[in-house]
Amino acid sequence: MIGRLNHVAIAVANMDDGLKVYRDGLGGVASEKVAQPEHGVSTVFIELPNTKIELLEPLGENSPITSFVERNPAGGIHHVCYEVEDIVSARDKLVAQGYRILGDGNPKIGAHGKPVLFLHPKDFLGTLTELEEA
């Protein structure tokens with residue numbers, strides 16, 4: 001079921017700080033900053049030869065990553081994202097095995113315009129895991 005690693009998401013309090021590291025320091029190619037109001041974040045993707053780094057910045061006071069950034073003011077790994085061929089089939093198989101899907105369990109459209117789901121970190125070795133339909 002699990003496909004390739006799509007991205008590793010790093011939450012930052014300030015996007016400019018993340019860009020200083022990944023674009024300016026490491027020489028990564030950065031996308032434009034895009035507000036994702038339906039997810040409460042702004043995103044920038046750093047393209048790598050084999051995957052991407054997603055920089056996440058809180059968008060608004062009710063951002064779901066605000067408490068994470070408060071606990072990790074210097075930033076930190078927020079989640080990993082894996083591709084799956086069929087997100088509904090993957091969800092159904094995981095739920096049948098007792099894994100928990102965050103939210104209402106239905107895919108939402110993610111930053112790449114594709115359906116995504118988030119899996120409960122307590123079921124995945126303490127790691128918030130995102131699935132994105134390939």
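Here are three short exercises on strand 4 and its surroundings in this predicted model.

**Exercise 1.** Find which strands pair with strand 4, and how many bridges join each of them to strand 4.

*Solution.* Start by locating strand 4, which spans residues 41-47. Next, look at strand 2 (residues 29-30): two bridges link this strand to strand 4, and the two run antiparallel. Then turn to strand 3 (residues 34-36), which is joined to strand 4 by three bridges, again in the antiparallel sense. Finally, strand 5 (residues 52-58) pairs with strand 4 over seven bridges, also antiparallel.

**Exercise 2.** Trace the partners of strand 4 residue by residue, and then describe the turns on either side.

*Solution.* Begin with V34, whose bridge partner in strand 4 is T43. Move on to E47: this residue is the bridge partner of V29, and E47 also stands opposite K52 in strand 5. Now for the turns. Four residues lie between strand 3 and strand 4 in their hairpin, and G40 in that turn has a positive phi of about 75°. A second hairpin connects strand 4 to strand 5, likewise through four residues.

**Exercise 3.** Decide whether strand 4 is mostly covered or uncovered, and whether G25 is buried or exposed.

*Solution.* Take strand 4 first: six of its seven residues are buried, so the strand is mostly covered. Then find G25, which sits in helix 1 (residues 15-25). Its relative accessible area is 59%; because exposed means over 50%, G25 counts as exposed. To place G25 relative to strand 4, go to E47: the C-alpha atoms of G25 and E47 are separated by 14 Å, and the two residues are 22 residues apart along the chain.

Technical notes
Residues numbered from 1 in each chain as written. Predicted model: local features only at pLDDT ≥ 70, side-chain atom pairs only at ≥ 80, totals over all residues. Heavy atoms only, no water. Buried < 20%, exposed > 50% of the residue type's maximum accessible area, 1.4 Å probe, protein only. Pairing = 2+ DSSP bridges.
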